[in-house]
2 protein chains.
Amino acid sequence: MIAEQLITAGIRPTAQRLAIAEFVLRSTAHPSADEVFDAVNEKFPTISTATVYNTLKLFTEKQLLKQLHLRDDRIIYDPNVTRHHHFVDVETGEIHDIEWGAIDVCRIQELSNLDVEDYEVVLRGRRRESE
Amino acid sequence: MIAEQLITAGIRPTAQRLAIAEFVLRSTAHPSADEVFDAVNEKFPTISTATVYNTLKLFTEKQLLKQLHLRDDRIIYDPNVTRHHHFVDVETGEIHDIEWGAIDVCRIQELSNLDVEDYEVVLRGRRRESE
DNA sequence: GTTCGTGCAAACGGTTTGCAACAAT
DNA sequence: ATTGTTGCAAACCGTTTGCACGAAC
């Protein structure tokens, strides 16, 4: 349950936070703050943008979300906090997750004088018409 | 020469554009617009931020620069427009280029239903003390 | 003289913050 | 009582734009 997930992360599950969590932690669409606001605002018309921003920041600090900088105009949020890659559809702007095992990245360890703690592949292109 | 590079790209080489070009096209530091402004402003105190932003936009359209979205707070610019990867130093925030051939990325073609037109690896970590 | 480039100031848009009211412990 | 949370409005900051002046063709 979402409430337990918040409590486990050390977050008090208020009504606003639950509404935000239910949308953003279950989304695969990598929403931005204003998209979260719009979605939550429908069911919770009194919520403010400040609460949305505060909550997204809190969720990020508590490792329930990761910020992505794949769009040039706004930060988007990813509830998939495990290692994975990203595909950016250049036609629609949509971001799709690519599972970690689908791509091999080799010779990272050979980079001299760099301790690589993390990495990801960012792909750009378009979805193919599936036959 | 820088002026010829601008002309070749179809850009009239004004004094302001030359000053900006000399700084940003030769930089390996991935500067942001305000860093470009500060640097150029020293030698060219009458320049405006509008001109810097307009010029960086123009250079980007003319393929002399690429915008990078590796920092969470601002756009940075890369005069290296050939394929390469990026290493983000998590201590200093500095961005370093990784030459294309230093890393192998495999099985991109196997991704079903995706036409990958471009990709890059983004690495995060710290520089090792070299012995 | 018409197009292009510059610089100032204002506007814009995403995000953060100050603060007063309120809820939870 | 004290601490944490919300929502409003204002502030903030990187970036863009409107516009008038001037330069280049």
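How far is a sugar or linking oxygen of DNA strand D from an N or O atom in the side chain of Gln16(A)? The distance is 2.8 Å.

This is a predicted model, in which local features need pLDDT of at least 70 and side-chain atom pairs count only at pLDDT 80 or more, while totals for chains, interfaces and linings use all residues. Residues are numbered from 1 along each chain as its sequence is written, chains are lettered from A in the order in which they are written, and side-chain values use heavy atoms, with hydrogens and water left out.

**DNA strand D.** There are 17 residues around this strand, and Thr14(A), Gln16(A), Arg17(A), Tyr53(B) and Arg74(B) come nearest; a residue is near a strand if one of its heavy atoms lies within 4 Å of it. Of the strand D atoms that come within 4 Å of the protein, 83% belong to sugar and phosphate. H4(B) provides the largest share of the surface near strand D, three residues.

**DNA strand C.** This strand is surrounded by 17 residues, the closest being Tyr53(A), Arg74(A), Thr14(B), Gln16(B) and Arg17(B). Sugar and phosphate make up 84% of the strand C atoms within 4 Å of the protein. H4(A) gives the most to the surface near strand C, with three residues.

The table lists polar contacts, that is, pairs of N or O atoms within 3.5 Å.

| Protein group | DNA group | Distance |
|---|---|---|
| Arg74(A) side chain | strand C phosphate oxygen | 2.4 Å |
| Gln16(B) side chain | strand C sugar or linking oxygen | 2.8 Å |
| Thr46(B) backbone | strand C phosphate oxygen | 3.1 Å |
| Thr14(A) side chain | strand D phosphate oxygen | 2.5 Å |
| Ser48(A) backbone | strand D phosphate oxygen | 3.5 Å |

Methods: Polar contact = N/O pair within 3.5 Å; in protein donor to acceptor, adjacent residues only side chain to side chain. Helix = DSSP H or I, 4+ residues; strand = E, 2+ residues; numbered from the N terminus.
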